[in-house]
Amino acid sequence: MYWYTFYFIRLQALIIYPVIPYRYHSHLSTQYVDGIRGPLVIYDPQHPHKNLYDVDDESTIITLSDWYHTPGLDATEAWLAGGAEPVPDFGLINSAGRYSGCPEVQRARINVTKGKRYRFRIVSISAEGFFDFAIQGHSLTVLEAGGSNHVPYTMDSIQILLGKRYSVVVRINFSMLRYSPRSS
Ligand SMILES: [Cu+2]
(Lines give C-alpha, C1' and ligand atoms only; values in the text may rest on other atoms or scores of the structure.)
Protein backbone atom coordinates (compact mmCIF):
# COMPACT_ATOMS: atom_id res chain seq x y z
CA MET A 1 0.00 0.00 0.00
CA TYR A 2 2.01 2.89 -1.32
CA TRP A 3 0.43 5.58 0.80
CA TYR A 4 1.65 4.19 4.07
CA THR A 5 5.00 5.76 3.31
CA PHE A 6 3.25 9.06 4.11
CA TYR A 7 2.68 8.18 7.76
CA PHE A 8 3.38 11.04 10.14
CA ILE A 9 3.57 13.72 7.51
CA ARG A 10 2.92 17.03 9.17
CA LEU A 11 2.18 20.00 7.00
CA GLN A 12 1.83 23.21 8.87
CA ALA A 13 0.97 25.57 6.12
CA LEU A 14 1.17 29.25 6.89
CA ILE A 15 -0.76 31.48 4.61
CA ILE A 16 -0.79 35.16 5.42
CA TYR A 17 -4.27 36.73 5.48
CA PRO A 18 -7.89 36.15 6.44
CA VAL A 19 -8.72 34.09 9.54
CA ILE A 20 -8.63 30.64 11.20
CA PRO A 21 -7.44 27.08 11.54
CA TYR A 22 -8.74 24.32 9.30
CA ARG A 23 -7.72 20.75 8.74
CA TYR A 24 -6.86 19.23 5.39
CA HIS A 25 -7.22 15.54 4.72
CA SER A 26 -7.32 12.95 2.01
CA HIS A 27 -10.67 11.67 0.78
CA LEU A 28 -9.30 8.60 -0.96
CA SER A 29 -10.16 5.37 0.84
CA THR A 30 -8.77 5.34 4.40
CA GLN A 31 -5.74 7.58 3.75
CA TYR A 32 -7.12 10.15 6.21
CA VAL A 33 -7.09 7.67 9.09
CA ASP A 34 -3.59 6.53 8.18
CA GLY A 35 -2.02 9.97 8.30
CA ILE A 36 -2.77 12.10 5.22
CA ARG A 37 -4.18 14.91 7.34
CA GLY A 38 -2.96 18.03 9.04
CA PRO A 39 -3.67 21.64 10.01
CA LEU A 40 -4.05 24.54 7.63
CA VAL A 41 -3.99 27.96 9.26
CA ILE A 42 -4.98 31.25 7.70
CA TYR A 43 -3.91 34.29 9.71
CA ASP A 44 -5.82 37.53 10.11
CA PRO A 45 -3.52 40.49 10.79
CA GLN A 46 -6.65 42.44 11.86
CA HIS A 47 -8.01 39.83 14.26
CA PRO A 48 -10.45 41.61 16.63
CA HIS A 49 -8.87 40.01 19.72
CA LYS A 50 -5.25 40.51 18.66
CA ASN A 51 -4.60 42.53 21.84
CA LEU A 52 -5.41 39.45 23.95
CA TYR A 53 -2.33 37.43 22.98
CA ASP A 54 1.40 37.87 22.37
CA VAL A 55 2.38 34.75 20.44
CA ASP A 56 0.56 33.14 17.51
CA ASP A 57 2.79 31.28 15.09
CA GLU A 58 3.58 27.80 13.81
CA SER A 59 4.78 26.78 17.28
CA THR A 60 1.32 27.33 18.77
CA ILE A 61 -0.58 25.06 16.40
CA ILE A 62 -1.64 21.90 18.23
CA THR A 63 -3.11 18.91 16.44
CA LEU A 64 -4.93 16.14 18.27
CA SER A 65 -5.56 12.84 16.60
CA ASP A 66 -6.25 9.20 17.19
CA TRP A 67 -4.00 6.41 15.99
CA TYR A 68 -4.60 2.79 15.15
CA HIS A 69 -2.13 -0.05 15.07
CA THR A 70 -4.09 -1.70 12.27
CA PRO A 71 -3.99 0.09 8.89
CA GLY A 72 -7.34 1.76 8.15
CA LEU A 73 -8.17 -0.34 5.12
CA ASP A 74 -7.62 -3.64 6.96
CA ALA A 75 -9.64 -2.46 9.96
CA THR A 76 -12.48 -1.22 7.75
CA GLU A 77 -12.63 -4.44 5.76
CA ALA A 78 -12.71 -6.50 8.96
CA TRP A 79 -15.47 -4.27 10.34
CA LEU A 80 -17.57 -4.50 7.16
CA ALA A 81 -17.15 -8.26 7.22
CA GLY A 82 -18.95 -8.33 10.59
CA GLY A 83 -16.09 -7.60 12.99
CA ALA A 84 -15.95 -5.01 15.76
CA GLU A 85 -15.94 -1.29 15.03
CA PRO A 86 -12.30 -0.06 15.07
CA VAL A 87 -11.28 1.61 18.34
CA PRO A 88 -8.24 3.93 18.49
CA ASP A 89 -5.17 2.41 20.13
CA PHE A 90 -3.89 5.75 21.43
CA GLY A 91 -3.89 9.50 20.84
CA LEU A 92 -1.34 11.84 19.32
CA ILE A 93 -0.48 15.47 20.13
CA ASN A 94 1.30 17.05 17.16
CA SER A 95 1.70 13.58 15.65
CA ALA A 96 3.54 12.17 18.67
CA GLY A 97 2.19 9.87 21.34
CA ARG A 98 2.92 6.82 23.43
CA TYR A 99 1.12 3.69 24.42
CA SER A 100 1.91 1.07 26.99
CA GLY A 101 5.08 -0.76 26.02
CA CYS A 102 5.92 1.46 23.05
CA PRO A 103 9.34 2.94 22.22
CA GLU A 104 10.35 6.18 23.99
CA VAL A 105 8.98 8.43 21.29
CA GLN A 106 9.83 12.10 21.79
CA ARG A 107 6.68 13.78 23.05
CA ALA A 108 5.34 16.94 21.44
CA ARG A 109 7.05 19.97 22.91
CA ILE A 110 6.16 23.66 22.84
CA ASN A 111 8.50 26.18 24.42
CA VAL A 112 6.78 28.97 26.33
CA THR A 113 7.80 31.91 28.50
CA LYS A 114 6.25 32.78 31.85
CA GLY A 115 3.91 35.77 31.69
CA LYS A 116 3.36 35.61 27.93
CA ARG A 117 -0.04 34.96 26.39
CA TYR A 118 -0.17 32.30 23.73
CA ARG A 119 -2.89 31.76 21.18
CA PHE A 120 -3.01 28.00 20.72
CA ARG A 121 -4.85 26.83 17.65
CA ILE A 122 -6.15 23.41 18.51
CA VAL A 123 -7.17 21.31 15.55
CA SER A 124 -8.71 17.86 15.81
CA ILE A 125 -7.55 15.76 12.88
CA SER A 126 -8.98 12.70 14.53
CA ALA A 127 -10.74 9.99 12.53
CA GLU A 128 -13.10 8.88 15.26
CA GLY A 129 -11.89 9.68 18.76
CA PHE A 130 -12.62 12.93 20.59
CA PHE A 131 -10.55 14.65 23.26
CA ASP A 132 -10.83 16.65 26.44
CA PHE A 133 -8.00 19.17 26.23
CA ALA A 134 -6.57 20.99 29.25
CA ILE A 135 -3.25 22.45 30.40
CA GLN A 136 -2.46 21.74 34.04
CA GLY A 137 -2.78 24.85 36.24
CA HIS A 138 -3.98 27.07 33.39
CA SER A 139 -7.29 28.25 32.04
CA LEU A 140 -8.16 28.47 28.37
CA THR A 141 -9.86 31.55 26.93
CA VAL A 142 -11.69 30.56 23.76
CA LEU A 143 -11.55 33.23 21.01
CA GLU A 144 -12.64 31.26 18.03
CA ALA A 145 -14.61 28.08 17.48
CA GLY A 146 -14.87 26.25 14.18
CA GLY A 147 -13.67 29.24 12.21
CA SER A 148 -15.94 31.86 13.81
CA ASN A 149 -14.62 34.51 16.16
CA HIS A 150 -16.14 34.26 19.61
CA VAL A 151 -16.67 36.57 22.56
CA PRO A 152 -13.74 35.54 24.81
CA TYR A 153 -14.93 32.80 27.14
CA THR A 154 -12.72 31.22 29.80
CA MET A 155 -12.84 27.53 30.63
CA ASP A 156 -10.70 24.91 32.38
CA SER A 157 -10.86 22.47 29.50
CA ILE A 158 -12.50 22.03 26.14
CA GLN A 159 -14.00 18.97 24.56
CA ILE A 160 -13.03 18.70 20.92
CA LEU A 161 -14.77 16.38 18.50
CA LEU A 162 -13.28 15.14 15.28
CA GLY A 163 -12.70 17.81 12.68
CA LYS A 164 -13.35 20.67 15.12
CA ARG A 165 -11.03 23.63 15.76
CA TYR A 166 -10.64 26.11 18.60
CA SER A 167 -8.33 29.03 19.29
CA VAL A 168 -7.61 29.49 22.98
CA VAL A 169 -5.45 32.02 24.78
CA VAL A 170 -3.31 30.77 27.65
CA ARG A 171 -1.29 33.01 29.92
CA ILE A 172 1.64 31.04 31.22
CA ASN A 173 1.33 31.31 35.00
CA PHE A 174 4.51 29.96 36.43
CA SER A 175 7.94 28.70 35.58
CA MET A 176 8.25 24.96 35.43
CA LEU A 177 10.54 22.72 33.56
CA ARG A 178 7.63 21.03 31.94
CA TYR A 179 3.87 21.53 31.58
CA SER A 180 1.63 18.80 30.39
CA PRO A 181 -0.94 19.75 27.80
CA ARG A 182 -3.32 16.89 28.39
CA SER A 183 -5.67 15.30 26.01
CA SER A 184 -7.68 12.32 26.96
CU1 LIG B 1 -13.56 15.55 4.41
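**Close-up views of a predicted model**

**View 1. Strand E7 has two faces.** In this predicted model, strand E7 (residues 131-135) puts Phe 131, Phe 133 and Ile 135 on a covered face, while Asp 132 and Ala 134 sit on an uncovered one. Look next at the partner strand: E7 runs antiparallel to strand E10 (residues 158-160), and three bridges join them. For one of the residues on the covered face, Phe 133, the bridge partner in E10 is Ile 158.

**View 2. The whole chain, for orientation.** Before zooming in further, here's the overall layout. The protein has one helix and twelve strands, and reading from the N terminus the order is β-β-β-β-α-β-β-β-β-β-β-β-β. Of the 184 residues, 28% are buried. Take the contacts between residues at least 6 apart in sequence: 72% of them join residues at least 24 apart. As for confidence, the mean pLDDT is 84, and 84% of the residues reach 70 or more. Residues 1-18 are a stretch to read with that in mind, since their pLDDT is below 50. Beyond near neighbours in sequence, this stretch still has 33 contacts in the model.

**View 3. A six-stranded open sheet.** Follow the strands across and you get the order E5-E4-E6-E11-E8-E9, with mixed pairing. Which strands stand at the edges? They are E5 and E9; each has a single partner strand, so one side of each has no neighbour in the sheet. On average, neighbouring strands here are turned by 25° against each other, ignoring direction.

**View 4. Strand E8 and its two partners.** Zoom in on E8 (residues 140-145), which pairs with strand E9 (residues 148-155) in the antiparallel sense over five bridges. One residue pair to pick out is Leu 140 with its bridge partner in E9, Met 155. The two strands make a hairpin with two residues between them. In that turn, Gly 146 has a positive phi of about 55°. E8 is also joined to strand E11 (residues 165-171), by four bridges, and this pair runs antiparallel too. Here Thr 141 has Val 169 as its bridge partner in E11.

**View 5. The largest nonpolar core.** This core has 23 residues, and the ones with the most contacts inside it are Leu 64, Ile 122, Val 168 and Val 170. Which elements give two or more residues to the core? They are strand E4 (61-67), E5, E6, E7, E8 and E11. Ile 122 is a handy residue to centre the view on. Setting aside its neighbours within four places in sequence, Ile 122 is in contact with Ile 62, Leu 64, Phe 133, Ile 160, Arg 165, Tyr 166 and Val 168. Phe 133 is back from View 1, where it was on the covered face of E7.

**View 6. Two positive phi values in one loop.** Asn 94 lies in the loop between strand E5 (90-93) and strand E6 (117-124), and Ser 95 is found in the loop between E5 and E6 as well. Neither is a glycine: Asn 94 has a positive phi near 50°, and for Ser 95 the positive value is about 65°. Are these residues buried or exposed? Asn 94 counts as partly exposed because it has 18 C-beta neighbours inside 10 Å. Ser 95 is partly exposed too, with 18 other C-beta atoms within 10 Å.

**View 7. Ile 36, a buried loop residue.** Ile 36 lies in the loop between strand E2 (21-25) and strand E3 (37-43). Why does this residue count as buried? Ile 36 has 20 C-beta neighbours inside 10 Å, so it qualifies; the cut-off for buried is 20 or more. To place the residue in space, find Tyr 24: it is twelve residues away along the chain, and the two C-alpha atoms are separated by 8.2 Å.

**View 8. Val 41 beside Pro 21.** Val 41 has its place in strand E3. It counts as buried because 21 C-beta neighbours lie inside 10 Å. Now find Pro 21. Val 41 and Pro 21 are 20 residues apart in sequence, yet C-alpha to C-alpha they are 4.2 Å apart in space.

Definitions and conventions. Residues numbered from 1 in each chain as written. Predicted model: local features only at pLDDT ≥ 70, side-chain atom pairs only at ≥ 80, totals over all residues. Pairing = 2+ DSSP bridges. Buried ≥ 20, exposed ≤ 12 C-beta atoms within 10 Å, placed from the backbone. Core = buried A, V, L, I, M, F, W, Y, C linked by C-beta atoms within 7 Å. Contact = placed C-beta atoms within 7 Å. pLDDT = per-residue confidence, 0-100. Axes fitted to C-alpha atoms, helices over the stretch in contact; angles between N-to-C directions.
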